[in-house]
Amino acid sequence: MRRGIVAFSAFTLFGLGLTGCALNRFEQREPWRNQAEEVCLAQKLVRPSEDIQPIKEIDGPGVCGMVHPFRVTRLAGGTVALKQRMTLACPIIPEVEAWLAGTVQPAAEVYFGQPVVEINSGSYSCRGRNNQVGAKLSEHSFGNAVDVMSFRFADGYVVTVKGGWRGTEAEQGFLREVFLGACNHFTTVLAPGSNVYHYDHLHLDLARHDPRGLRRICKPLIKYESRLPPPGTPLSPIRRKPPAWQPAPDPAPIDVEEDDPYGLSPMSAREAGTKVARAPAPRPAPAQAYAPPHVPAPRPVLAAEPRALPEPLPLGSPTWSSGPIY
């Protein structure tokens, strides 16, 4: 009996050790996380109800957890059910509510003529980003992120992110609307095409990518014209002005391997020195076996002719294209 207890204890300690190895043990909890939770509570941005209930503090493992977590079973005043309940920190709950009211439901009416009544989503999970061992902790580790896998409509029709992103015209339009609308509410929005880890869900979080919390990540960049009414109309009362885009840095030199991955052009040959693609130098003319000496003929003297002065440049402002810039 005693040997069994010792063996069980050793196995338990070994399992805890593996769990600890999976987390970044050197990472610390940023002070802004607790401050954001306290401000959210002080401003009463989340009102407890039968569907959104406060639970006790989650402390660990490591720096994972929340000071004031909430257990959420329904959203939008109980009209949108959750296929699986979520555990979230206070600050992200009002943003999800605003996204549902200002983007998801208007898009559902435009593309399907009926509201969304259920979403399948994930929330709190103490793990590294993209489930990678030893990576920086995901915002899911702090209840500060939501993964959305699918939407169910009033008639039972389900649109999954995995199948609908390249599905029917209505499915594609709806998912692109909710994706672009999410970029107005969350600091990180990742959809299919952003990387290999988000091919089947939308990732929404409130991470701070800079000290002031102004930088936003919204991927992938897509060309899509929204069909939703502009902000301020009755169907969209909560949508906010999207953040200003930062100017892109100067383009990097073009890598030959990226431009010509199959090695079909002469520029693909590996040479010592620079890897920047340049236009080939002109070849010299082939030398002749014998060329007689060439004596240049005297140039005739011409009378000087008056030169026409170039027309002055217009002083008006240049005409810019009115099309979108991507």
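Let me start with a pair of helices: helix 3, which covers residues 92–112, packs against helix 5, residues 169–182, at an angle of about 165°, and their axes lie 9 Å apart. Because of that angle, helix 3 is roughly antiparallel to helix 5, a label used for angles over 145 degrees, while under 35 counts as roughly parallel, 65 to 115 as roughly perpendicular and the rest as oblique. The axes are lines fitted to C-alpha atoms, for helices over the stretch in contact, and the angles run from 0 to 180 degrees between N-to-C directions. Helices here are DSSP runs of H or I with at least four residues, strands are runs of E with at least two, and both are numbered from the N terminus.

The crossing of helix 3 and helix 5 is right-handed, the near helix being turned clockwise from the far one by less than a right angle, whereas an anticlockwise turn would make a crossing left-handed. On the helix 3 side, the contact is made by W99, T103, V104, A107, A108, Y111 and F112, and on the helix 5 side by A170, E171, G173, F174, E177, V178, G181 and A182, where contact means heavy atoms within 4.5 Å. Sorted by class, the contact of helix 3 with helix 5 has 10 nonpolar, 3 polar and 2 charged residues; Ala, Val, Leu, Ile, Met, Phe, Trp, Tyr, Cys and Pro count as nonpolar, Asp, Glu, Lys and Arg as charged, and the others, Gly among them, as polar.

Before going further, I should say that this is a predicted model, in which local features need pLDDT of at least 70 and side-chain atom pairs count only at pLDDT 80 or more, although totals for chains, interfaces and linings use all residues. Residues are numbered from 1 along each chain as its sequence is written, and side-chain values use heavy atoms, with hydrogens and water left out.

How confident is the predictor in the protein chain? The average pLDDT is 74, and 63% of the residues score at least 70, on a scale of confidence in each residue that goes from 0 to 100. Over residues 236–281 pLDDT stays under 50, and the model has 40 contacts beyond four places in sequence for them. Residues 286–293 also have pLDDT under 50 throughout, and for these the model has 0 such contacts. Where pLDDT is low, the predicted coordinates should not be read in detail.

As for the chain as a whole, it has 6 helices and 11 strands, and buried residues make up 33% of its 326 residues. Buried means under 20% relative accessible area, exposed means over 50%, and partly exposed lies in between, using a 1.4 Å probe and protein chains only. Among contacts between residues at least 6 apart in sequence, 61% join residues at least 24 apart.

Two valines repay a look. V116 sits in strand 6, residues 116–122, and is buried, with a relative accessible area of 2%. Leaving out residues up to four places away in sequence, V116 touches T79, V80, V104, Q105, A108, F151, R152, F153 and F174. The C-alpha atoms of V116 and V104 are 7.6 Å apart, with their positions 12 residues apart along the chain. The other valine, V96, is in helix 3 and is buried as well, at 3% relative accessible area; beyond its neighbours within four places in sequence, V96 is in contact with L75, V146 and F186.

Turning to the loops, where are the cis peptide bonds? One runs from G60 to P61, with omega near 5°, and P61 lies in the loop between strand 2 (58–59) and strand 3 (65–66). Another joins K219 and P220, with omega about 0°, and P220 is in the loop between strand 11 (217–219) and helix 6 (256–259).

K44 and A76 both have a positive phi: K44 of about 55° although it is not a glycine, and A76 of about 55°, likewise without being a glycine. K44, in the loop between helix 2 (31–42) and strand 1 (52–54), counts as exposed at 56% relative accessibility. A76, in the loop between strand 4 (69–75) and strand 5 (80–89), is partly exposed at 29%.
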